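Here is a walk through one protein model, from its sheet to its core and its empty space. Keep the strands in view as you read.

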Amino acid sequence: MPLSEADLRSTALAVFRAWNDHDVDAVLGYMAGDVLWDWPVNVGLYGKDAVREELTDTFTGFPDIHFPVEDIELFTRLEPPAVMATWTATGTLSGHLEMGLPVTGRSFHIRGTTLMRLRDEAVGEWTTTFDTFALLQQLGVMPETDELRFRAGVLTTILTDRARTIITARVRRARRR
């Protein structure tokens with residue numbers, strides 16, 4: 001039976017509520033076992049165990065991270081159906097991150113979007129986008145400059161690496177099927 005608009009909306013809001021409660025088990029309860037998790041910080045994660053590690057690391061590094069949902073759009077005609085949420089996240093880098101960023105004690109405030117594709121009432125794909133460059137500048141780990149050449153060079157490197165990682169993860173996932 002297809003998911004209703006009410007089901008899609010309530011699932012999306014429940015996932016974000018679990019995120020904002022920093023409840024890793026609750027977030028994972030909404031994920032399919034073979035969830036594909038992409039976001040600018042760590043792309044191409046596959047499966048609940050990888051997502052658990054990422055969420056635990058995120059909540060350790062940013063113990064006050066918060067993603068209030070501002071708007072939700074439903075895409076019920078897609079197969080599988082999808083939900084797009086926009087949000088503005090805030091937090092402070094006050095704990096150790098496995099990715100190696102130094103603890104700066106600095107806060108961030110960024111806008112972003114999350115696309116959730118649901119199948120069988122579970123999130124099968126989670127794709128989050130935000131300006132990684134702005135995040136790193138706000139955290140004090142990238143120079144605060146508007147010089148176009150520098151910004152373009154960094155963003156090109158980030159996007160190239162992201163594309164390579166996403167393609168590799170999707171190929172691996174397709175081979176497992």
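Begin with the sheet. Six strands form an open sheet in the order E2-E1-E6-E5-E4-E3, and their pairing is mixed. Its edges are strand E2 (45-46) and strand E3 (69-75), each of which pairs on one side only. This is a predicted model.

Start from the E2 edge. Strand E1 (residues 31-38) pairs with E2 in the antiparallel sense, over two bridges. In E2, Tyr46 is the bridge partner of Leu36. E1 also pairs with E6, and here the two strands run parallel, joined by four bridges. Leu36 appears again in this pairing: it stands opposite Glu125 in E6. Leu36 thus has a partner in E2, Tyr46, and one in E6, Glu125.

Now move to E6 and its other neighbour. Strand E5 (residues 107-119) runs antiparallel to E6, and eight bridges join them. One of the paired positions sets Arg119 opposite Ala122 in E6. E5 and E6 form a hairpin with two residues between them. In that turn, Asp120 has a positive phi of about 50°.

How enclosed is E6 by the rest of the structure? Seven of its nine residues are buried, so E6 is largely enclosed. In a regular strand, side chains alternate between the two faces of the sheet.

Next, the core. The largest nonpolar core has 42 residues. The members that touch the most others are Trp19, Met31, Trp37, Leu55, Phe108, Met116 and Trp126. Helix H1 (residues 5-20) supplies the largest share of this core, six residues.

Take Trp126 as a viewpoint. Leaving aside neighbours within four places in sequence, Trp126 is in contact with Val15, Phe16 and Trp19, among others. Its contacts also include Met31, Leu36, Trp37 and Asp38. Thr114, Leu115 and Met116 complete the set. So Leu36, which stands opposite Glu125 in E6, is also a contact of Trp126.Last, the empty space. Rolling a probe the size of a water molecule over the atoms shows where such space is left. The structure holds one cavity of 30 Å³ or more. The largest cavity has a volume of about 50 Å³. Which residues line the largest cavity? They are Phe16, Trp19, Trp39, Phe67, Trp87, Thr114, Trp126 and Thr128. H1 and strand E6 (122-130) are the elements that give two or more residues to this lining. By type, the lining divides into six nonpolar residues, two polar and no charged. Trp126 belongs to this lining, and Trp126 is also among the core members that touch the most others.

How values were computed. Residues numbered from 1 in each chain as written. Predicted model: local features only at pLDDT ≥ 70, side-chain atom pairs only at ≥ 80, totals over all residues. Heavy atoms only, no water. Core = buried A, V, L, I, M, F, W, Y, C linked by side-chain atoms within 4.5 Å. Buried < 20%, exposed > 50% of the residue type's maximum accessible area, 1.4 Å probe, protein only. Contact = heavy atoms within 4.5 Å. 1 Å grid on protein atoms, 1.4 Å probe; cavity = no way out; pocket = protein on both sides within 12 Å on 5 of 7 lines; lining within 4 Å. Points joined across faces, edges and corners; volume = space filled by probe spheres on them. Nonpolar A, V, L, I, M, F, W, Y, C, P; charged D, E, K, R; others polar. Pairing = 2+ DSSP bridges.
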